[in-house]
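Q: Please pick one spot in this model and look at it closely. Then work outward to its surroundings.

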Amino acid sequence: MTSLLVIVVLVLLGIAIWQLTKIFHLTQVGAATYNENPEVATDRDNNVNGYLMFGFLGFIYIFTIYSMMKWGDLLLGTPASEHGPQYDSLMSISMWLIGVVQVLTQFLLHYFSFINRGRKDRKAFYYADNDKLEFIWTIIPVIVLAGLILYGLYAWTNIMFIDEEAKEDAIYVEVYAKQFNWEVRYAGKDGKLGKANVRYIEGVNTLGVDMGDANAQDDIQASELHLPKGKQIIFKFRSQDVLHSAYMPHFRAQMNVVPGMVTQFGFVPTVTTDEMRQDPSIMKKVAHINELRSKKSAEAAATGGAALEPYTFDYLLLCNKICGASHYNMQMKVVVEDEATFNKWLSAKQTLSAAVKESKQPAAPAAGEAAPATAKDSTNTAKPDSTATKMTVAQVIKK
Amino acid sequence: MSAVGHDEIHAHDGHDNHDAHDHHHEQTFIEKYIFSLDHKMIAKQYLLTGTLMGIIGIIMSLLFRMQIAWPEESFTIFKILLGDKFAPDGVMRNDIYLALVTIHGTIMVFFVLTAGLSGTFSNLLIPLQIGARDMASGFMNMLSYWMFFISAVIMVCSLFVEAGPASAGWTIYPPLSALPQAIGGSGLGMTLWLVSMAIFIASSLMGSLNYVVTVINLRTKGMSMTRLPLTIWALFVTAVIGIVSFPVLLSAALLLIMDRSFGTSFFLSDIYIAGEVLHYQGGSPVLFEHLFWFLGHPEVYIVILPAMGLVSEIMTSNARKPIFGYRAMIASILAIAFLSTIVWGHHMFISGMNPFLGSVFTFTTLLIAIPSAVKAFNWITTLWRGNLQMNPAMLFSIGFVSTFITGGLTGIILGDSTLDINVHDTYFVVAHFHLVMGISALYGMFAGIYHWFPKLYGRMMNKTLGYIHFWVTAICAYGVFFPMHFVGMAGLPRRYYTNTNFPLFDDLADVNIVITMFALVGAAFQLVFLWNFFYSIFKGKKAIQNPWRANTLEWTTPVEHIHGNWPGEIPEVYRWPYDYSKPGHDDDFVPQTVPMKEGEEELHHS
């Protein structure tokens, strides 16, 4: 099937080249006698390509409009954090601005190319410089950019620097990255995350928390990120192996996760998962995706494959910095809920000190067990994956 | 100053030959075609090597585009090109996907657009357009090419390493690039990558030093700096940026080699991988990012400035009209060059560096839009009321301005630290830099090849094939990269082997197929160019001395290449290079070698 498709495409390409060559040759019939300086554009070439330039302007405009209509609603939709609307408005201001500039400059460029296409009897206008014009198109970008820079920096400062007041009431969450999954740690009752270093990794303490630190005792580890709506969240990011990037697109939030240092990002979630599922734009998106999925499932059923599960919307944390073979599947579900539900969920969890104690009690021999760094990789075991060979490489290196 | 240079070159000539002028001894095949000291031959060597690397780089992009459009499907072409190990049963492996992405980036940025573009045209045009018999040091020039060649060979060899070539992205951020435990390609593959790049940097530095010295010292009589063609200005400033920034990449590469092979901890700290804690302590990957982008950002200007220079020259000679705002063009080249060295942090807004630094880099980055805007408007004004000769080179130059604007504008989004938060490392970035430096620079290169082909090979390329090449490429380039903006704004990260693990991205599958189809068609039509190029080298119509009726000095040399460029005296220059359609002259061009008429005035400010 595929090879047939390839052949068809190739044949069509061949025909296209043949036809185009013919068209161009036909346009040059009269010029064929002028041979002293071959392969230089004639008036006919200028004419044909001048018109094509104008046509190309049309192509750019039409393709832009078509793309916006067809793919415009692929975008992320309603922002789910407090700074999100500000981000989105800066984005739309910038987009409008560059959109207008794009439409105008492309018009000028292609229109001038069309209208000034060369003719033997014409002489160009000798016009070498004009200080006033240069000044105009220096100063206009300066003013516009100054506005954008100021607004941008204002927003940036708002997002990146969390004021002291907000910090007092904030919930501290550690997001911990490893090849190829995420874990989280909540600060617990004392509101302080205990110290940690990969050198403390042992058994159930997969995050390397320093259990000697008083602040660490009530920390709570989880494999799903739950956030209470309306509270200031301050994320502390750590990585145990390579660079990752914690990307939460719906919250307009992203920060790299760097081994050997702690990075930070904070936001206030404003829309719970349930509310977002009722959001009209999200509902439309989900319905469209499910339509595609059921179509695929039907195709799969025909060939005996497994059907795809229907999609329900969830916030996501995904890795956005190349981190290894399974980079494409390093994700964690994020749940935003009201504060009461969040507290209930959190209090049902065991504290880290309790978990460590429990793991040490029943069977002492199990203590030396290696941390499951790669064991709980992805759910897709069928994929070609080199993680298994990596283990052996590591052992060789270790000596 | 210039007169001194003039004499020196004669002395230099005498050193090579018994006589300063025509009585060359017969050159052997090796002297003429392989270890040639002649800048024109070295330019051709750069061009051919760059073209071959370009073919490899583009084929790689097609392979991974196919994987993105039809994830984990089996293709016979994968089996053939990647082999059974990298693509078991014709299904591309996930780490090989990353390897292809990495090597595609490396090859295209360094081997095609740095060496292939700037190497070719600096070598060809600097001596010819300034009126010099050759580069300041022909030997160093030859050495520069051959080191480039060796580095290209090593890079290609690394593709055949058992665990795969380097796969940490072309930015090779450690720890991923430092630890073979993290990804297979970070073993021997990465070692070869680093060795290849170290040699490449040495080659690039030798080339750049040569270009700078040549431009400063060997200009012919009358060729003042304000009479230099913009090509030379661009190539000269490119060489200066290269000298300033490439050594920093060399140091980053050396430190990374130390970390990898000798157990130092410049970039690594607190790492637990494959079930054990590594000994590294106190290093920082962010330091590497700073060092890398201190080169990496100027690098994109090293790529785009030569293209800008070529386009300025081609556009003005085909518009039969002086370039608009010659001084402003030079000033903006200098401004871009200066700013390019202080904006690297915009690649690192969310790297974990202090957010205050992010503010500073936002400021400097958006500043760079100003000289870029000036250039774009000057090109557009150059077209205004011109008499445009639509040669293929001219079409590519106009196309360059179009993609440069489209791609450049989205830079305003990405350069804003706030907006970067959510589009960083998504397909939005991929769309941006491919349009503004990938496609634009390639257009510049194509324009240069079509325009200077008669100078390179003494023959003309077929214009009809050139038109087909341009129009299909122009449509496909937009077809590939315009939709990518939407994919990026939908939140799709780059460098994902497949997007099927996220139902959220299911609605992007169709767009990805559209993009890949455009890419396949666009790439197929590059065969038209390749055919035209190689066929015309041997069978193209014979060129006359000055086919484009251009003003610059290279068109005063004979069609047949001779060592020393001009058979007699080096021509003297009397005017700037842009006297096209000047009132008071019969022809619509006045070469630089034509003395000013009695009472003739300079109509431009210089």
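A: A residue is buried if 20 or more other C-beta atoms lie within 10 Å of its own, exposed if 12 or fewer, and partly exposed in between, with C-beta atoms placed from the backbone. This is a predicted model: local features need pLDDT of at least 70, side-chain atom pairs count only at pLDDT 80 or more, and totals for chains, interfaces and linings use all residues. Residues are numbered from 1 along each chain as its sequence is written, while chains are lettered from A and ligands numbered from 1 in the order in which they are written.

The spot is D241(A). Is D241(A) buried or exposed? D241(A) counts as buried because 26 C-beta neighbours lie inside 10 Å. Its place is the loop between β5 (233–239) and β6 (244–248) of chain A. Helices (H or I, at least four residues) and strands (E, at least two) are DSSP runs, numbered from the N terminus.

Now the neighbours. Residues are in contact if their C-beta atoms, placed from the backbone, lie within 7 Å. Leaving out residues up to four places away in sequence, D241(A) touches K178(A), Q179(A) and P259(A) in chain A. On the chain B side, D241(A) touches P175(B), A182(B), I271(B), Y272(B) and I273(B). For a sense of distance, take A306(A), 65 residues from D241(A) along the chain. The two C-alpha atoms are separated by 35 Å.

Start with Q179(A), one of the contacts of D241(A). A cis peptide bond joins Q179(A) to F180(A), with omega about -5°. F180(A) sits in the loop between β1 (171–178) and β2 (181–186) of chain A. Those two strands, β1(A) and β2(A), pair in the antiparallel sense over six bridges. Strands pair if DSSP finds at least two bridges between them. One bridge reaches into β2(A): there, R185(A) is the bridge partner of E174(A).

These strands belong to an open sheet of chain A. Its five strands run in the order β3-β2-β1-β5-β8, with mixed pairing. At the edges are β3 (220–222) and β8 (263–267) of chain A, each paired on one side only. β5 is in this sheet, and β5 is also one of the strands flanking the loop of D241(A).

Next, P175(B), which D241(A) touches from across the chains. The peptide bond from P174(B) to P175(B) is cis too, with omega near 0°. P175(B) is placed in the loop between α6 (138–157) and α7 (188–217) of chain B.

D241(A) also touches I271(B), Y272(B) and I273(B). In the loop that leads from α8 (230–262) to β1 (272–273) of chain B lies D270(B). D270(B) has a positive phi of about 45°, although it is not a glycine. D270(B) counts as buried, because it has 24 C-beta neighbours inside 10 Å. Most residues other than glycine have a negative phi, and most peptide bonds are trans.

Chain B holds another aspartate with a positive phi. D425(B), also not a glycine, has a phi of about 60°. It lies in the loop between α14 (417–423) and α15 (427–457) of chain B. With 23 C-beta neighbours inside 10 Å, D425(B) counts as buried.

Step back to the whole interface. Here 128 residues of chain B are in contact with 125 residues of chain A. Helix α16 (residues 463–489) of chain B gives the largest share of the chain B side, twelve residues. By class, that side has 77 nonpolar, 34 polar and 17 charged residues. Ala, Val, Leu, Ile, Met, Phe, Trp, Tyr, Cys and Pro count as nonpolar, Asp, Glu, Lys and Arg as charged, and the others, Gly among them, as polar.

What about chain B as a whole? Its secondary structure comes to 18 helices and two strands. The C-alpha trace spans about 80 × 50 × 50 Å along its principal axes. Of the 606 residues in chain B, 66% are buried. Among contacts in chain B with a separation of 6 or more, 80% join residues 24 or more positions apart.

How values were computed. Two residues are in contact if their C-beta atoms, placed from the backbone, lie within 7 Å.
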